Each structure stands twice: as C-alpha cells, then as structure tokens.
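Trainee: I'd like to learn how to read a protein model from its features. Could we walk through one together?

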Amino acid sequence: MKRYLSTKNIAEMYDVSYDFFRNRMDDTFQRGVHYIQHDKQCPIRWDVDAIQQWWNGTNKTAHDELVERLLQL
C-alpha cells in the first residue's frame with residue numbers, strides 16, 4: 001500500500017527545509033513518480049517509498065543521470 005506525506009512532514013522526516021522539496025518539483029522530483037497533486041487546489045502529497053529510493057540513490061531521474069555525467073567530464 002502506498003504511503004503519502006505532506007511537504008512539511010516529508011521535509012521533517014529528512015531534516016531539510018520545506019523549500020528543499022518545493023524547489024525541486026518537476027525537476028528532480030517528478031509528478032506521478034515522487035509526488036501527486038490532482039490539481040492546483042489539492043495539496044501536494046509525497047510518495048514515501050519513491051522519496052526513500054531517491055534519497056538512497058536507487059531511483060535516479062533522467063535529470064540526476066545527466067548531472068552525474070556532466071560532473072564526470
């Protein structure tokens with residue numbers, strides 16, 4: 001069963017600022033993968049398992065892989 005947390009709660013879980021997650025939406029964190037928001041009136045909910053995988057480095061996005069390749073040059 002999927003578990004979801006609010007931005008405030010997921011930020012507290014990883015001891016980072018609220019903005020850490022908000023500023024990476026649709027870049028590092030993808031809608032439908034790392035978080036859900038049905039429309040602009042609905043709150044954002046973060047997929048606990050997807051964030052945990054990303055945090056541990058096991059769920060890299062295309063953006064993450066591009067940055068890693070550029071850093072290796």
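Trainee: Let me start with a single residue: is Asp15 buried or exposed?

Mentor: Keep in mind that this is a predicted model. To sort a residue, look at its relative accessible area: over 50% counts as exposed, and under 20% as buried. Asp15 has a relative accessible area of 71%, so it is exposed. You'll find Asp15 in the loop between helix 1 and helix 2 (18-22).

Trainee: What about the backbone there: what is the phi of Asp15?

Mentor: Phi of Asp15 is positive, about 55 degrees, although the residue is not a glycine. Asp26 is another case to look at: its phi is near 65 degrees, again a positive value in a residue other than glycine. Asp26 sits in the loop between helix 2 and strand 2. With 49% relative accessibility, Asp26 counts as partly exposed, since that class lies between the two cut-offs.

Trainee: Now let's zoom out. In what order do the elements of the protein chain run?

Mentor: Read from the N terminus and jot down each helix as α and each strand as β. Here you get β-α-α-β-β-α-α. That makes four helices and three strands in the protein chain.

Trainee: And how are the strands ordered in the sheet?

Mentor: For a sheet, ask who sits beside whom. This one is an open sheet of three strands in the order 1-3-2, with antiparallel pairing. Strand 1 (4-5) and strand 2 (35-36) are at the edges with a single partner strand each, so one side of each has no neighbour in the sheet.

Trainee: How many bridges pair strand 1 and strand 3?

Mentor: Two bridges, in the antiparallel sense, with strand 3 covering residues 45-47. To see one of the pairings, find Tyr4: its bridge partner in strand 3 is Asp47.

Trainee: Which residues does Arg3 touch, leaving out those up to four places away in sequence?

Mentor: Arg3 touches Trp46, Asp47, Val48 and Asp49. Arg3 itself is in the segment before strand 1, and is partly exposed, with a relative accessible area of 48%. Here's a neat thing about folding up a chain: Arg3 and Asp49 are 46 residues apart along the chain, yet their C-alpha atoms are separated by 7.3 Å.

Trainee: How do I describe two helices that pack together?

Mentor: Two packed helices are described by the angle between their axes and the distance between the axes. Take helix 1 (residues 7-14) and helix 3 (residues 48-55): their axes come within 12 Å and cross at roughly 35 degrees. The crossing is right-handed. Ile10, Met13 and Tyr14 of helix 1 make the contact with Val48, Ile51, Gln52 and Trp55 of helix 3. By type, the residues of this contact divide into six nonpolar, one polar and no charged.

Trainee: Which strands does helix 3 lie across?

Mentor: Helix 3 lies across strand 1 and strand 3, and runs at about 60 degrees to strand 3.

Trainee: To finish, what share of the residues in the protein chain is buried?

Mentor: Buried residues make up 30% of the 73 residues. For the outside, look at the area: the protein chain exposes about 5200 Å², and carbon and sulfur atoms supply 51% of it. For contacts, check how far apart the partners are in sequence. Among the contacts with a separation of 6 or more, 49% are between residues 24 or more positions apart.

Notes
Residues are numbered from 1 along each chain as its sequence is written. This is a predicted model: local features need pLDDT of at least 70, side-chain atom pairs count only at pLDDT 80 or more; totals for chains, interfaces and linings use all residues. Side-chain values use heavy atoms; hydrogens and water are left out. Axes are lines fitted to C-alpha atoms, for helices over the stretch in contact, and angles run from 0 to 180 degrees between N-to-C directions. A crossing is left-handed if the near helix is turned anticlockwise from the far one by less than a right angle, and right-handed if clockwise. Contact means heavy atoms within 4.5 Å. Ala, Val, Leu, Ile, Met, Phe, Trp, Tyr, Cys and Pro count as nonpolar, Asp, Glu, Lys and Arg as charged, and the others, Gly among them, as polar. Two strands pair if DSSP finds at least two bridges between them. Buried means under 20% relative accessible area, exposed over 50%, partly exposed in between (1.4 Å probe, protein chains only). Accessible areas come from the Shrake-Rupley method with a 1.4 Å probe; for residues, only the protein chains shown count as cover.
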